[in-house]
Amino acid sequence: MRALLLGRRAATAVLLVLVAVFVLGPLLWLAAHAFATRWTYPSLLPDGLTLHWWSVVLEDAQLGAAVRNSLYFAPLTVLVSAVVCLPAAYAFSRFDFPGRRLFLVGLFATNAFPKMGLFVSMASLFYGLHLMNTVAGVVIVQFVGTVVFMTWIPAAAFSSVPRALEEAARDAGAGPLRTFVRVTLPLALPGVLVAVLMSFLAAFDEAQGTYLVGAPVYMTMPTEMYSLVLNYPKQVAAVFAILLSIPSVALLLLARRAVLGGRLAEGFQIR
Amino acid sequence: MSDARRRGLGLALALPPVVLLAVFVGIPVVLAVGFSLGHVGGLNATIARIGTDTRVATSWWGTTQAWADVFADPRFVRDLVVTVGVTVVSTVVVVATSLGIALNLRLRGGRLATAFAGLAVVPLFIPVVIASWAITTFYSSDGAVRTAAALVGLDGPTWSYSVTAVVIGSVWTSLPFATLMASSGLQAVPDAMIEAARDAGASTASLVVRVMLPLAAVPVVIATTFTAIGVLGQFTVPYFTGPNAPSVLGVDISKYFQSFDRPQESVVMAVVVFVLASGVGAVYVGTAFRSAQTAGRA
């Protein structure tokens with residue numbers, strides 16, 4: 001019995017190592033390239049270590065502009081998305097109105113059309129509306145990818161706030177706005193934060209649409225990444241990849257508990 | 001507040017994102033479907049002029065000529081098969097892995113099980129561009145896998161720029177969402193249910209198949225459909241990790257538009273992916289609605 005138990009633990013441990021290599025291996029391998037002078041196959045270690053590639057990236061004005069653009073557009077998109085979508089999320093959760101189900105499913109259905117195909121005909125529309133190479137155009141193209149997160153997850157979060165609590169606040173004399181700000185919003189906040197996080201990642205990560213609408217005026221980090229991979233040494237792209245991961249990893253550490261706690265999963269059940 | 005006013009207010013609050021998506025996604029989709037059927041007027045005029053071999057509508061509803069062109073191309077048929085194959089294999093691997101991780105977490109728990117779940121969520125926070133490129137470097141001819149194999153005197157496989165790498169990349173990027181859905185679904189199965197089944201003499205296998213999976217069906221179906229839809233239309237992962245030929249449709253859409261200057265054919269392919277994804281999406285909507293009804297919320 002003990003041998004069996006030990007065997008099972010060993011098997012689990014081996015599996016864990018495999019999953020760890022599968023998930024983390026590529027990231028660590030890439031990250032190591034950022035500090036390598038050269039890396040000759042089949043050597044397990046790089047030929048030498050250097051910080052040279054970091055100065056290449058940090059001194060490149062074009063790449064610096066991409067970093068600034070990314071840090072400008074993604075938060076702006078999240079803000080716009082929150083302003084537009086959070087009231088809607090509240091309505092989906094607390095009001096019954098004609099077309100409610102249809103709208104919810106419709107917002108989801110927009111994800112079914114392949115983005116690349118969408119952009120082909122989106123281009124015509126954006127030219128017609130003079131949105132090409134404008135801040136508004138880039139924000140709109142990134143906004144499209146955030147809507148599902150910013151409506152569905154907060155709607156579930158609002159729904160999980162017991163109505164009795166809101167009614168109690170109303171009975172105690174609080175107005176609807178005060179009830180929302182003091183009771184509903186604080187309780188729904190973890191879900192809203194997960195939505196903000198997912199929207200940020202979606203906006204920050206968006207490359208094809210941003211390229212189509214923004215290039216060559218507004219290049220962001222992911223759009224630069226495409227040309228970097230093709231035109232620069234592997235190490236430069238590795239440095240850039242590390243820089244590009246910093247905001248998301250920082251957010252991961254901040255919101256780990258809420259995401260792992262099932263807030264994300266809860267958001268995708270139709271109510 | 002009266003019922004009518006509540007309904008009006010709810011509708012007013014819900015409309016802004018709906019209207020924005022209707023304009024910036026809905027109109028392009030309608031334009032795309034129209035263009036694929038040969039409607040080259042209005043906003044489609046520019047794209048029709050710059051494209052080569054654009055088929056023009058011959059009747060009021062259009063023409064199927066562009067569709068016929070695409071389906072007559074053996075490369076397209078091959079790529080369609082590859083796309084569906086990659087989607088099915090990736091989805092099966094993702095759902096099986098995430099269920100394994102979630103079941104392990106629910107039934108056995110402990111530090112190891114939590115570590116599994118934590119690892120599986122990491123890709124959620126890595127931009128897809130980086131993930132795809134990291135995977136390409138890891139499995140390339142001078143990558144980590146071959147380096148490790150060479151250390152022990154083996155000739156390791158080169159998976160980069162192959163369909164295998166596309167599957168690896170798809171699984172990598174889809175694993176977090178599926179794992180989160182599966183674990184939240186299985187965590188929601190009450191302890192009392194599991195204990196009752198065990199007391200009645202159920203083995204672990206029958207406990208999982210007869211009790212736990214049926215109770216977690218909705219989140220698992222959601223995980224499956226999201227994964228399948230995501231993989232069907234993806235561009236970045238196959239663009240970096242995959243071969244030039246055969247390529248998946250997400251890459252073909254971009255190639256036919258940008259490199260081959262055949263926007264109409266690229267739009268036909270986009271509509272094909274859309275139809276496939278809608279089929280998968282319908283399963284999700286159906287399941288979710290049924291569960292909402294049984295829960296008395298409909």
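**Chain B helices, the A–B contact and a helix pair in chain A**

Trainee: At which residue does helix 1 (residues 3-36) of chain B bend?
Mentor: Helices are DSSP runs of H or I with at least four residues (strands are runs of E with at least two), numbered from the N terminus. The bend at a residue is the angle between axes fitted to the seven residues ending there and the seven starting there. In helix 1 of chain B this angle is about 45°, a proline, Pro16(B), follows within four residues, and the bend lies at Leu15(B).

Trainee: Which helix of chain B has the highest confidence?
Mentor: This is a predicted model in which local features need pLDDT of at least 70 and side-chain atom pairs count only at pLDDT 80 or more, while totals for chains, interfaces and linings use all residues. Residues are numbered from 1 along each chain as its sequence is written, and chains are lettered from A and ligands numbered from 1 in the order in which they are written. Chain B averages a pLDDT (the predictor's confidence in each residue, from 0 to 100) of 86, with 97% of the residues scoring at least 70. Confidence in chain B is lowest in helix 2 (residues 45-50), at a mean of 80, and highest, at 93, in helix 4 (residues 74-107) of chain B.

Trainee: How many helices does chain B have?
Mentor: Along its principal axes, the C-alpha trace of chain B spans about 75 × 70 × 30 Å. Chain B has zero strands, and its helices number 14.

Trainee: Which helix gives the most to the side of chain B that touches chain A?
Mentor: Counting residues as in contact if their C-beta atoms, placed from the backbone, lie within 7 Å, the contact takes 79 residues from chain B and 77 residues from chain A. The side belonging to chain B divides into 60 nonpolar, 14 polar and five charged residues, where Ala, Val, Leu, Ile, Met, Phe, Trp, Tyr, Cys and Pro count as nonpolar, Asp, Glu, Lys and Arg as charged, and the others, Gly among them, as polar. With 20 residues, the most is given by helix 1 of chain B.

Trainee: Are helix 7 and helix 9 of chain A roughly parallel or antiparallel?
Mentor: With axes fitted to C-alpha atoms over the stretch in contact, and angles running from 0 to 180 degrees between N-to-C directions, helix 7 (residues 147-159) and helix 9 (residues 176-205) of chain A come within 8 Å and cross at roughly 160°. Angles under 35 degrees count as roughly parallel, over 145 as roughly antiparallel, 65 to 115 as roughly perpendicular and the rest as oblique. Helix 7 and helix 9 of chain A are therefore roughly antiparallel.

How values were computed: Two residues are in contact if their C-beta atoms, placed from the backbone, lie within 7 Å.
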